[in-house]
Amino acid sequence: MPKWAMVIDLDKCTGCGDCMASCKIENNIAIVSPEEASEGRVMFWMDMITVYEGDYPNIRIKRYPKPCFHCDNPPCVKVCPVHATYKNKEGLVGQIYDRCIGCRYCMAGCPFTSKVFNWYEPVWPEEFRNCFNPDVSLRNVGVVEKCSFCAHRLIRVRENADIEDREIRDGEYFPACAESCPTNAIFFGDIENKESKVYKLSQSSRAYRIKENLGVEPKVIYLSERK
Amino acid sequence: MSKEIKQNFGPDEVLYRPIYETGKGFYITVSILIAIYFWSLYMYFTQVRSGLGVTGMNQPVTWGFYIVNFVFFIGISHAGTLISAILRLSKAEWRRPITRMAEVITAIVLAIGGLHPILDLGRPDRMLNLVSAGRLQSPLLWDVTSITAYFTASTVYLYLPMIPDIAKLRDRGGKLTWFYTFLAWGWQGTEKQKKILNKVINILMIMVIPIAISVHTVISYIFSMTLQPGWHSTIFGPYFVAGAIFSGIAALLIVMIAFRRAYHFENYLKEIHFKYLSTLLLIMSLLWFYFTFSEYLTGIFGSEPHEMHIILYKFTGPFAIFFWGMVVCNFIIPVILLGISRFRTIKGILVASISVVVGMWLERLIIVVPTLANPTMPLPAGIYFPSLVEWALFIGGIAVFILGFVLFSKFFPLISIWEIEEGRKEGIKEVEERIHSYLPNT
């Protein structure tokens, strides 16, 4: 059974934010009004974290993309009262929008603040309404959503592999952010497979995970010379 | 009608009076409360119609007033049944005029508090998923379970000791006889009936104590089971229970003082009752301080950066006014007013109790919001301003509590009449015998 994981090479990342944009379009994520966004209701499945280190004029800016970390020991799954968020056998942490009661306990429990909530009925500009991704269901008001590692793409890849009666090849399944990254900083694959690119990168001396001490075992690994 | 009755009945007539005599004040109070109730109901409908966006909640402050008030109201509910059970169990004779009011608080506040998580749901229409797809591993389900158990136990525990009083109302005739006949359950006051009733009350009061403790422990688990700094603490269970009993006693004192004045119960709720209960309040205040001190000292001494960040947010940051306000309300004011006998008058006790209720509400706010507002990821701190809808539902909750109490007092005696009678007839002798049994044989 594969275990899907992501490696983000921060030494390659320019912080351009293309991953955020492609994620929003790929996953039909609602676009809230600027007023709502300034109240902290912006919807990103892939977020961009900006850290300023040091004092003026010696400021160093660190930016890194932050999707859902798909923890192997996910705190959000533990607290959900209705099994609306779950971890499947391949390690993907999913969200069942039609079952979620909107208690937002998973959001309170997530150490990485990776989940977002539909505070109002989701809205999109007219242009977006004409080009929804048919593979991703639209969400209703009052439910929690988050990055799915583009699980809908896995379904398609798996179908193709099944038709050809083979295993999924390394690099065949990748989410929209990895596809759109202009510097190829995002890698995706099966971390259990010792031959995979993701496994090899995860063994690099530059590799680290965020908040390893919590023991939630995130499946997003960052590569960076400066930690 | 009332004049005749007054002559016919015994020394406890004043306890019946609120049921049979209704003044102008009652109608005014009830209309105002019902107006507030409908206003908050309307506000809730706007929330159901447009979504939780009408509240002040956001990312990362995903919980706000609803959860704060949930913890607060459930805390108040610990006044009742728990105090009444402990007093009954310890054979405190002074409990007799207090237990009924305490139990009513529990039943009403628990119903209000128990509804708060539903107000907080993004999809209240899917509430029954908790039953059909409920995960017992989730602390939220523990809550559902233990609050339901506590509500059931405490309403039964309120109703059963009321049966002899309902029978008295039935026998008086006049108002709603069919209603009282139904609720009196054929009570005739025979020896056998009394024996059964006492036995059931004894079983219930022992059962209700662990249930009550479990309720607030489990509510604290909602927070402490997560990995968030400021929440992930082993002290939370007992800390919440102590706080709940603390705020519960304060609420009970306020209710006692209010109804003593409104219904002229001065002869029943004497200063001695307030002295005893306020001693308990003082002890709980010291206990609360002990828990708070331990909780924060542990955090400060270890100085884990995220933990420290939240502690400083409370001590010197935007929540400093609430934090120090809480310390003043929960510790300094009650200790001064209750610790110095000169201030320990009914008025002083009332001020101390109101201060404790406010302080405990602040404590709930301080527990829920700062941890959420300061995500451990390097994200900007969240800002939370409750919206009008949230205020409306808070005020509505308080209005429903007062309304419930006032309406209850129009149908049932607020002070247990038969227990007072029992105290007169049997209590005195029993206590004398009991004291003799404590002393060495001569």
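Two strands count as paired if DSSP finds at least two bridges between them. With that in hand, we can start in chain A of this predicted model, where S9(A) and strand S10 (residues 220-223) pair in the antiparallel sense over two bridges. Within this pairing, A:Tyr208 stands opposite A:Tyr222 of S10(A).

These two strands belong to an open sheet of four strands in chain A, with the order S8-S1-S10-S9 and mixed pairing. The edges are held by S8 and strand S9 (207-208), each with a single partner strand, so one side of each is left without a neighbour in the sheet. As background, strands of a sheet pair through backbone hydrogen bonds, either parallel or antiparallel.

Now move across to the other edge. Strand S1 (residues 4-9) of chain A and S8(A) pair in the antiparallel sense, here over five bridges. One pair to look up is A:Ile8 with its bridge partner in S8(A), A:Ile186. Is S8(A) buried or exposed? Five of the five residues of S8(A) are buried, so this strand is largely enclosed by the rest of the structure.

A:Ile186 is also a good guide to the interior. The largest nonpolar core has 180 residues, and A:Ile186 is among those with the most contacts inside it, along with B:Ile105, B:Ile249 and B:Leu252. Helix H16 (residues 346-373) of chain B gives the most to this core, with 15 residues. If you would like to look around one of the well-connected residues, try B:Leu252: leaving aside residues up to four places away in sequence, B:Leu252 touches B:Ala79, B:Ile83, B:Met101, B:Ala102 and B:Ile105. In soluble globular proteins, nonpolar side chains tend to be buried together.

That brings us to chain B as a whole. Chain B has 18 helices and zero strands. Its C-alpha trace spans about 75 × 60 × 40 Å along the principal axes. For 442 residues, a compact globule would have a radius of gyration near 22 Å, and the 23 Å of chain B agrees with this. Buried residues make up 46% of the 442 residues in chain B. Among the contacts in chain B with a separation of 6 or more, 80% are between residues 24 or more positions apart.

Helix H5 (residues 80-89) of chain B is a nice one to examine up close. Why is this helix described as largely enclosed by the rest of the structure? Eight of the 10 residues of H5(B) are buried, and therefore the helix is largely enclosed. The buried residues of H5(B) are B:Gly80, B:Thr81, B:Leu82, B:Ile83, B:Ser84, B:Ala85, B:Leu87 and B:Arg88. They pack against helix H6 (99-119), H8, helix H11 (191-224) and helix H12 (236-262) of chain B. One of these buried residues, B:Ile83, is also touched by B:Leu252. H5(B) is followed by B:Lys91, whose phi is positive, near 55 degrees.

Where the two chains meet, the contact takes 37 residues from chain B and 35 residues from chain A. On the side of chain B that touches chain A, helix H7 (129-132) and helix H8 (139-159) each supply at least two residues. H8(B) gives the most to this side, with three residues. By type, the residues on this side of chain B divide into 18 nonpolar, 15 polar and four charged.

Let us finish with some backbone details. Most residues other than glycine have a negative phi, and most peptide bonds are trans. Each chain offers an example of a cis bond. In chain A, the peptide bond from A:Tyr56 to A:Pro57 is cis, with omega near 5 degrees, and A:Pro57 sits in the loop between strand S2 (47-53) and strand S3 (60-66). In chain B, the peptide bond from B:Gln59 to B:Pro60 is cis, with omega near 5 degrees, and B:Pro60 sits in the loop between helix H3 (24-50) and helix H4 (65-76).

Positive phi values also turn up in chain A. A:Asp165, which is not a glycine, has a positive phi of about 55 degrees. This residue lies in the loop between helix H6 (151-163) and helix H7 (176-180) of chain A, and A:Asp165 is exposed, with 6 other C-beta atoms within 10 Å. For A:Asn184, phi is positive and near 50 degrees. A:Asn184 lies in the loop between H7 and strand S8 (186-190) of chain A and is exposed, with 11 other C-beta atoms within 10 Å.

Notes:
Residues are numbered from 1 along each chain as its sequence is written. Chains are lettered from A and ligands numbered from 1 in the order in which they are written. This is a predicted model: local features need pLDDT of at least 70, side-chain atom pairs count only at pLDDT 80 or more; totals for chains, interfaces and linings use all residues. A nonpolar core is a set of buried Ala, Val, Leu, Ile, Met, Phe, Trp, Tyr and Cys residues joined through C-beta atoms within 7 Å. A residue is buried if 20 or more other C-beta atoms lie within 10 Å of its own, exposed if 12 or fewer, and partly exposed in between; C-beta atoms are placed from the backbone. Two residues are in contact if their C-beta atoms, placed from the backbone, lie within 7 Å. Ala, Val, Leu, Ile, Met, Phe, Trp, Tyr, Cys and Pro count as nonpolar, Asp, Glu, Lys and Arg as charged, and the others, Gly among them, as polar. The radius of gyration is taken over C-alpha atoms; the globule rule is 2.2 Å times the number of residues to the power 0.38.
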